[in-house]
Amino acid sequence: MIAQSNPCVLNAIDLGVSYGDSTAIARLDFNVRRGELVAILGPSGCGKSTMLNVLSGLRAPTRGQILVDGEELFTAQSKRPRLGYVFQAHRLLSWRTVRQNFEIALAASEVPRETWDERIDEILSILHISKFKDAWPMRLSGGQRQRVSIARALLVDPSYILMDEPLSTLDEVTARALRQELTTICQRTNATVVFVTHSVREAVYLADRILILTRGPAEVFEDFTVPIDRPRDYDDKRIGEVEAAIIRRVQAPWGLAVEGEKTVV
Ligand SMILES: Nc1ncnc2c1ncn2[C@@H]1O[C@H](COP(=O)(O)OP(=O)(O)O)[C@@H](O)[C@H]1O
Ligand SMILES: [Mg+2]
């Protein structure tokens with residue numbers, strides 16, 4: 001359980017986002033504390049990726065504020081936030097080796113150059129991919145590439161890491177192995193992570209807290225603290241029970257409640 005006294009890394013206050021006339025996020029208020037892994041759970045199209053784009057500083061919100069370590073984003077004085085981003089697709093440069101991909105990310109960070117080699121070796125070792133340091137990304141499996149993407153996000157000494165469904169394209173066996181390691185890695189590096197997923201079980205297994213959104217345009221449906229100690233077992237009965245209870249609660253707000261044989265959408 002993350003201490004309530006930990007400082008807030010992210011605050012979203014009365015956040016609203018529109019694309020032209022179309023509202024993607026209706027209203028979000030939430031915070032993320034240092035060392036927390038917060039899962040964002042919502043149905044497809046509800047505004048999760050939009051929310052991450054705003055948290056990354058890439059897209060200004062239409063309404064409201066984002067504070068990073070207490071400083072407001074999107075003002076004339078705002079600094080670029082120090083963050084790592086892991087996407088569904090690995091987004092590695094295929095004409096650069098793993099190490100060169102890392103160096104490109106490091107060059108855009110504030111990590112001192114004389115510490116790069118040591119840092120790269122340490123993170124590669126944590127993710128069990130040391131032997132791929134000089135490999136070409138396209139020679140790696142999907143799971144190995146996502147390990148490289150996660151390593152790249154950790155390398156830049158980020159204040160926080162955004163992950164947008166990073167495991168959803170992997171086969172289940174690979175995804176399970178990486179999920180398990182992610183929890184260990186986050187604890188070991190004390191990373192602060194916002195993890196978007198549409199998998200309820202994945203959210204319950206990984207997260208300290210789950211921000212459950214409504215169907216789009218997103219609002220917070222529930223800010224839920226996962227009541228299960230770590231380390232967790234993916235097949236633990238309690239994870240299944242919490243998952244089932246969440247699914248029951250979201251069926252109606254996500255427009256999936258079943259009346260007799262008819263699905264109400
Ligand atoms: N660049 C864009 N321009 C216009 N509409 C967009 C754009 N990106 C997303 N949307 C719309 O905003 C809503 C939220 O999209 P998105 O944030 O991608 O949802 P999610 O990640 O939850 O699936 C959807 O209705 C989507 O069609
Ligand atoms: Mg998305």
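Here is a quick tour of helix α4, the elements around it, and a few unusual spots in the backbone. The model is a predicted one. Helix α4 covers residues 142-155 and packs against helix α5, residues 172-189. Helix α3, residues 116-126, packs against α4 too. Away from the helices, there are two cis peptide bonds to look at, one joining Gly216 and Pro217 and one running from Arg230 to Pro231.

**Getting to know α4**

- Start with the helix by itself: at 1.5 Å a residue, the 14 residues of α4 should span 20 Å, and its end C-alpha atoms are indeed 20 Å apart, so the two values agree.
- α4 is mostly covered, with 12 of its 14 residues buried.
- The buried ones are Gln144, Arg145, Gln146, Arg147, Val148, Ser149, Ile150, Ala151, Arg152, Ala153, Leu154 and Leu155.
- What does the covering of those buried residues include? Among the elements doing it are the strands β6 (83-86) and β7 (160-164), along with the helices α2 (98-107), α3 and α5.

**α4 against α5**

- Two packed helices are described by the angle between their axes and the distance between the axes.
- For α4 and α5, the angle is about 15° and the axes are 11 Å apart.
- Angles under 35 degrees count as roughly parallel, so α4 and α5 are roughly parallel to each other.
- Their crossing is right-handed.
- On the α4 side, the contact is made by Gly142, Gly143, Gln146 and Leu154, and on the α5 side by Thr174, Leu178 and Thr189.
- Sort the residues of this contact by type and you get two nonpolar, five polar and no charged.

**α3 against α4**

- Here the packing angle is about 135°, and the axes of α3 and α4 lie 10 Å apart.
- That angle makes α3 and α4 oblique to each other.
- The crossing of α3 and α4 is right-handed.
- α3 brings Arg119, Ile120, Ile123 and Leu124 to the contact, while α4 brings Ala151, Leu154 and Leu155.
- By type, the residues of the contact of α3 with α4 are six nonpolar, no polar and one charged.
- Keep an eye on Leu154 of α4: it turns up in the contact with α5, and it turns up in the contact with α3.

**Positive phi values**

- Most residues other than glycine have a negative phi, and most peptide bonds are trans.
- His128 has a positive phi, near 60°, and sits in the loop between α3 and α4.
- Is His128 buried or exposed? It has 12 other C-beta atoms within 10 Å, so His128 is exposed.
- Asp157 comes just after α4 and takes a positive phi of about 55°.
- You'll find Asp157 in the loop between α4 and β7.
- Asp157 has 15 C-beta neighbours inside 10 Å, so it counts as partly exposed.

**Cis peptide bonds**

- The bond that joins Gly216 and Pro217 is cis, with omega at about -10°.
- Pro217 belongs to the loop between β9 (209-213) and β10 (218-225).
- Where is Pro231? Look in the loop between β10 and α7 (237-250).
- The peptide bond from Arg230 to Pro231 is cis as well, and its omega is near 0°.

Key: Residues are numbered from 1 along each chain as its sequence is written. Chains are lettered from A and ligands numbered from 1 in the order in which they are written. This is a predicted model: local features need pLDDT of at least 70, side-chain atom pairs count only at pLDDT 80 or more; totals for chains, interfaces and linings use all residues. Axes are lines fitted to C-alpha atoms, for helices over the stretch in contact, and angles run from 0 to 180 degrees between N-to-C directions. Helices (H or I, at least four residues) and strands (E, at least two) are DSSP runs, numbered from the N terminus. Angles under 35 degrees count as roughly parallel, over 145 as roughly antiparallel, 65 to 115 as roughly perpendicular and the rest as oblique. A crossing is left-handed if the near helix is turned anticlockwise from the far one by less than a right angle, and right-handed if clockwise. Two residues are in contact if their C-beta atoms, placed from the backbone, lie within 7 Å. Ala, Val, Leu, Ile, Met, Phe, Trp, Tyr, Cys and Pro count as nonpolar, Asp, Glu, Lys and Arg as charged, and the others, Gly among them, as polar. The expected span of a helix is 1.5 Å times one less than its number of residues. A residue is buried if 20 or more other C-beta atoms lie within 10 Å of its own, exposed if 12 or fewer, and partly exposed in between; C-beta atoms are placed from the backbone.
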